[in-house]
Amino acid sequence: MSQQQLMQRKSDATPRGVGVMCSFFADRAKNAEVWDTEGRRYIDFAGGIGVLNTGHLHPKVEAAVAEQLSRFSHTCYQVVPYESYISLAEKLNALAPGKHAKKTAFFTTGAEAVENAVKIARAATGRPGVIAFGGAFHGRTLMGMALTGKVAPYKLGFGPFPSDVYHAPYPNTLHGVSVQDSLVGLEKLFKFDIDPARVAAIIYEPVQGEGGFYAAPAEWVKALRELCDRHGILLIADEVQSGFARTGKLLASEHFDAVPDLITMAKSLAGGFPLSAVTGRAEVMDAPAPGGLGGTYAGNPLALAAAHAVLDVIDSEKLAERAQRLGDALKEKLNGLKSAVPQIAEVRGLGAMIAVEFNQPGSHQPDPDFAKKVQQHALANGLILLTCGIYANVVRFLFPLTIEDEIFAEALGKLEAALKA
């Protein structure tokens, strides 16, 4: 069946609200390469939106899932438990930053992890309020949308949203928001909107994902920690996109001298299988009563098997170090193109969580049209890229950290051609 026929069937059978970027359909994939149903090959610099740090079908992940599938696929952990849930929780408790006692609960999606982190924080503090930041993305559920700091397309037509959710500015020097501006914004919330004694948690992304790959300044994260300690507020780090070696550390929170109380994880945790987690201080995690946390598919055995394999691959293949090396090479390539591509306003990122932002030449005016053209040219030439940012003028890079050197070099050539075109 032709791609055109498949597109027609998609249009007839599925709603337009499920936006789809590519006009072709995947047939098979391996590591950093995808082939469509007509045999065309693409290099994948999207990674399922940050899900595939260990690549498509890493042999260890594939083998672990196959072995688990030969034993059982589902019991519901809350009905009949299994050891793999406990052992993965033990690993994450040991790996997460901070020397305090920790516990971990598993869910299915990043949005579920965020929802449950809010539930846990409210149960632990007895407070209702939650503060997030402009440009944030925390999911498409009702609470996830409320926390998300970007209206179009995520919140259009879906309100009203849960109450007691507030937004402060996220520091962004390129767009004129300093660390001090952000902290002043928080203090204004406390004066104008909510007593800090009613705030359960502040949730932030160590590196904003959908918002544009802006890394949190270290002094700002430290100030958040101090603010939370002063008012008895819990600090939640949303590591759904920034986790699992993407930034050159297992978790991006390790870049900062400020330990969060709760961490949400998903995406590359399980190498393409649906699994999310909340890891946090043991006494905080124990706040909800039995039955208050969970889900039918939460902690699925196949996804847990994949996650065990992912952690093994990250360690044995030194993916954090590789992320740093690949990210440095990408930044060097992009910075070297600034003279030839005057639309490049900034190249930034931690490890391999890299972005390039485009403005109209000689101005501070965002240029989303140029970002879109770069994406389209790259796709036509066999390179899958993602855009992001509050102005949609950013191209972000989420290639597998296991990508072969020669394929990475080929992709950089395609990227250069798209930028110069």
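Is S363 buried, partly exposed or exposed? S363 is partly exposed, because its relative accessible area is 30%, where buried means under 20%, exposed over 50% and partly exposed in between, computed with a 1.4 Å probe on protein chains only. The structure discussed here is a predicted model, in which local features need a pLDDT of at least 70 and side-chain atom pairs count only at pLDDT 80 or more, while totals for chains, interfaces and linings use all residues. Residues are numbered from 1 along each chain as its sequence is written, and side-chain values use heavy atoms, with hydrogens and water left out.

S363 is found in the loop between β12 (353-358) and α12 (368-380); helices (H or I, at least four residues) and strands (E, at least two) are DSSP runs numbered from the N terminus. The side chain of S363 reaches the backbone oxygen of Q360 at 2.9 Å, which falls under the definition of a polar contact as a pair of N or O atoms within 3.5 Å, where within protein one atom must be able to donate a hydrogen and the other to accept it, and residues adjacent in sequence count only if both atoms are side-chain atoms. Between the C-alpha atoms of S363 and F72, which are 291 residues apart along the chain, the separation is 58 Å.

The domain assignment divides the protein chain into domain 1 (3-57 + 318-420) and domain 2 (62-317), with bounds that come from an automatic or database domain assignment. The C-alpha centres of the two domains lie 25 Å apart, and 34 residues of domain 1 are in contact with 34 residues of domain 2, contact meaning heavy atoms within 4.5 Å.

Two further residues can be followed through their neighbours. L419, in helix α13 (residues 405-420), is buried because its relative accessible area is 3%. Leaving aside residues up to four places away in sequence, L419 touches L334, L337, V341, F358, F370 and V374. Q343, placed in the loop between α11 (319-336) and β11 (344-350), counts as buried at 17% relative accessibility. With the same exclusion of residues up to four places away in sequence, Q343 touches E357, F358, N359, P361, D367 and F370.

The search for enclosed space uses a 1 Å grid over the protein atoms alone, on which a cavity is a set of points where a 1.4 Å probe fits but cannot get out, a pocket is an open set with protein on both sides within 12 Å along at least five of seven lines, and lining residues have an atom within 4 Å of a point. Across the whole structure there is one cavity of 30 Å³ or more, and the largest cavity holds about 40 Å³ of space, a volume being the space filled by probe spheres set on the points, which are joined across faces, edges and corners. Its lining includes A96, H100, D261 and R281, and β10 (276-281) gives the most to that lining, with three residues.

The second largest pocket contains about 430 Å³ of space and is lined by 22 residues, of which Y85, T104, A105, D286 and L293 lie nearest its centre. Both α4 (83-95) and β4 (102-107) supply at least two residues of this lining, with β4 giving the most, at six residues.
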